[in-house]
Amino acid sequence: MHFYELSPEQVLRQIKSRLEGLTGREANERLRTYGRNSVKVNSVPLWKKIIEPFMDIFVLVLVVAAIISVWHGDTLDAIIILTIIAVSAIIFYVQRFSTDRVLRNLSKHTIQKVTVTRSGDAITIDSSLLVPGDIVSLTEGDRIPADMRILMSANLRVDESQLTGESLPISKQPEALEGAKELYEQDNMLFQGSFIVSGSTTGVVVTTGNNTEFGNLASLSTNKEPESPIQKKINTLITKIIVVVAAASVVAFGLALLRGMDLLESIRFVMALTVSAVPESLPIAISVVLVLGMRRMAKKKALVRQMRAIETIGVITTIATDKTGTLTKNKLTVQEIWSPRKDTDRVLDILAHSVNHTKTKSFDPLDIAFSEHARRTKHITKGSPVSELPFEQTTAMSATLWHYGTTYRLYIKGSPEQIIKHSKLEETAAKEAQEALGELTAKGYRVIGLASCETTSPITDLSALSSQKLDFVGFVAVADILRPEAKRAIITAQHAGVTVRMITGDHFETAYQIGKQLGMVTDRSEVFDCRAMPQLSDAKLEAIVEKTKVFSRVIPEQKYRLLTILKKHNITAMTGDGVNDVPALTNAHIGIAMGSGSHIAKDAGDIILLDDNFKTIIDAMKEGRTIIANIRRMLFYLLSTNAGELLTILGALILGIKAPLAPVQILWINLVTDTSMVIPLGLEPPEKHIIKQPPQKMDAPILSKTMIFRMILVALTMTALALIVYVTFKPFGHAYAQTLVFLTLVVSQWANAFNARSDNDPLFARLRVMNRSFYVGICISITAQLIALLSPLGEALHLVSVNPEHMLVVSVLGFIIPLIVCEFHKFYCRQKISSSKLA
């Protein structure tokens, strides 16, 4: 029989468990038998990982070039080409290993903790350690960690859409079912990957890992991260580059034959040119930069779950954020106490006695605030109440009942309006209390009313107080402490062209005061009371939302409507932490979940704030902008240097002079400069003004017209330098001139790496910004170049000994001229930006 056909008692017997849970020894034995509770998807076989770098079309072109070299009798050239292929493969393996390792480390942040009963005690363990027979307790917002049979439940509703496709939550119950049932009909079972939408439950684990229903489906798929928008843009760009290079290669091949070059030599030459002109290593380099960026963001407490979020967070135009825990510390403290008779000691005594001791153990923020204030003021109660009456929505009050000899005293706290209403107050005293309440709420405080009453018998229901008048004691004003960094972070966001909107359930006045303290609003007209939302059409609400920065009295269902309106004209980031926030989180351009929130909210979010801090959103936004800016730097560097090589060869063929570079020299330049410099450029620190720039559009091209113009300018400069050097030193011999052109292009590319470090900052200003990986890359490149020039390797690269003075001259010119050209263009851009700001 299936588990859903058995009663809870029969299930426990069949699985050899009990309500008190397994013992530690039993759990360990079952863990060895069944393995960890983790789903293993189909991974790429090892042999595919090994041959992956060799399956690239450009590597195949190089292999053909090596075969032609052997056929042509240039065995040494073939060896160098094959060595370059091997080195590129090793670099690919290192980059891929580093990327996978970082992703594995980041995934540890998302491990779920669950409450299980073992040997009669409730303990918290990693969900991966669950075994069949474990008794697990779950509540609203929790992700179901394994397939379970419900033993008991209360108002339980579950979202199984990830498994069954059913969008509406399903009610669940513990009773046995009769006959065969489909998955979606098994309403006494819980399935891994689903979420508790409401209620609570205790169940027994029946299957784990790949034996679960979710595991059966997941094992049929592969775990492949979808391409991010930036990767799609780059792949499109590379496709266009391949078309251009293919056309240029056809022209180069025709010109080579026209100039009398041997057929096989022409083919090999064009192949080398094609491989060096296309940045085929760029996608893996960008993957490394993106993943390292994810790791940096995780260190700053922003865990990226979707790689596309890195680009999106950098272009957001508005942030809709909760107040509690994000802009505040989510820690209530007592700010003021008011009593009609200025009897503060009596208020403090009632405050201390009204604390619900059960809730302080389960972290109720109000009771914790009262308890801490009582300890600070040395109003410590002796003993404990005989009973505690939890908060009732109908009366808006809670209470504790204390027994003193023959009488009972009830200490009550709750809504100040309800406390005043049920208290025996004269008209003057009631008016005075209402005025005090207005003054406290005007300061942005949450106000709690205190009262007491004496009875001769225990009270078990607060509704019984409706016929009894209370002794009014006073008010306690509490407030959630603002995070000290929140105001500064909001100002930073505003300078970055990003509006911040606070969405809170607080009263209008409280929301206004907090917004004012944070510098978000200066007038009450900038705060909107969302209780008026149901009466407003979308058109009217849209006009209000456009000018509003603070929304008060917001219920979770209204968040989605506000988000829909904000998305019409903004790239929107939305924060959330509860089950009811999920629709807004999933439909925002980027959903930001709180680390302390429910599992379902964290699964719906693109980024998880591990510290629930608003400042972390701004840090993530800055990091996102930096990563995208660095990817543009990588592109600028690779495309301008590769274009420089391509134009040098085409220029020589058009002018009718011999090829200024041999095929192996082209490949060597490509290997030494590209490999050692491209990733360090992707790790550049941000420019100081990056957070002060307005966000770019989502559909903006990966390279602006300004950067494309600068790229062409640099490529033409490198081409002109190379051809002038060749023509100047041609009288010393073809090999001599070729060697100096080789040196000129390498040094020019070093200079271009310095150019690429900033978009508009002057060179000397950027030199003060340390990027150790950049200088390590430069040192590696220089060392490799010296080895090529001064060792027997030079002979293999067709290099010859040249006059040191000539080497010095071409090196200085090759380094300085590209820098000067680029600095002039940056200066022009800075002047243009300054003029536009003045205008």
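**Exercise 1. Find the residue that stands opposite Met 148 in strand E6, and describe the pairings of strand E4.**

Solution. Met 148 stands opposite Leu 190 in E6. Strands (E, at least two residues) and helices (H or I, at least four) are DSSP runs, numbered from the N terminus. Two strands pair if DSSP finds at least two bridges between them.

Step 1. E6 covers residues 189–190 and runs antiparallel to E4, with two bridges joining them.

Step 2. E4 (residues 147–159) is also antiparallel to E7 (residues 195–207), and ten bridges link these strands. Within this pairing, Ile 150 has Gly 203 of E7 as its bridge partner.

Step 3. Another antiparallel partner of E4 is E5 (residues 170–171), held over two bridges. Here Arg 157 is matched with Ser 171 of E5.

The model used in these exercises is predicted: local features need pLDDT of at least 70, side-chain atom pairs count only at pLDDT 80 or more, and totals for chains, interfaces and linings use all residues. Residues are numbered from 1 along each chain as its sequence is written, and side-chain values use heavy atoms, with hydrogens and water left out.

**Exercise 2. State what average pLDDT the protein has, and over which residues the pLDDT is below 50.**

Solution. Step 1. pLDDT is the predictor's confidence in each residue, from 0 to 100. The average for the protein is 84, and 89% of the residues score at least 70.

Step 2. The pLDDT is below 50 over residues 359–363. Beyond near neighbours in sequence, this stretch has eight contacts in the model. Contact means heavy atoms within 4.5 Å.

**Exercise 3. Describe how strand E12 is placed and which strands pair with it.**

Solution. Step 1. Six of the eight residues of E12 are buried, so the strand is largely enclosed by the rest of the structure. Buried means under 20% relative accessible area, exposed over 50%, and partly exposed in between (1.4 Å probe, protein chains only).

Step 2. E11 (residues 387–392) runs antiparallel to E12 and is joined to it by four bridges. Glu 392 has Met 397 of E12 as its partner. The hairpin of E11 and E12 has four residues between the strands, and in it Ala 396 takes a positive phi near 60 degrees.

Step 3. E13 (residues 407–414) is also antiparallel to E12, with eight bridges between them. Met 397 meets Gly 414 of E13. Two residues lie between the strands of this hairpin, and Gly 405 in its turn has a positive phi of about 65 degrees.

**Exercise 4. Decide whether Thr 400 and His 403 are buried, partly exposed or exposed, and list the polar contacts of their side chains.**

Solution. Step 1. Thr 400 lies in E12 (residues 397–404), and His 403 is in E12 as well.

Step 2. Thr 400 has a relative accessible area of 0%, so it is buried. His 403 is partly exposed, with a value of 39%.

Step 3. A polar contact is a pair of N or O atoms within 3.5 Å; within protein, one must be able to donate a hydrogen and the other to accept it, and residues adjacent in sequence count only if both atoms are side-chain atoms. The side chain of Thr 400 reaches the backbone oxygen of His 353 at 2.5 Å and makes a polar contact of 3.2 Å with the side chain of Trp 402. The side chain of His 403 reaches the backbone oxygen of Gly 405 at 2.7 Å.

Step 4. Leaving aside neighbours within four places in sequence, His 403 is in contact with Val 386 and Tyr 408. With residues up to four places away not counted, Thr 400 touches several residues, including Ser 354, Pro 385 and Tyr 411.

**Exercise 5. Locate Lys 826 and describe its surroundings.**

Solution. Step 1. Lys 826 is part of helix H30 (residues 804–838). With a relative accessible area of 1%, Lys 826 is buried.

Step 2. Beyond its neighbours within four places in sequence, the contacts of Lys 826 include Arg 710, Phe 754 and Asp 759. The side chains of Lys 826 and Ser 758 form a polar contact of 3.1 Å.

Step 3. Asn 755 is 71 residues from Lys 826 along the chain, while their C-alpha atoms are separated by 9.4 Å.
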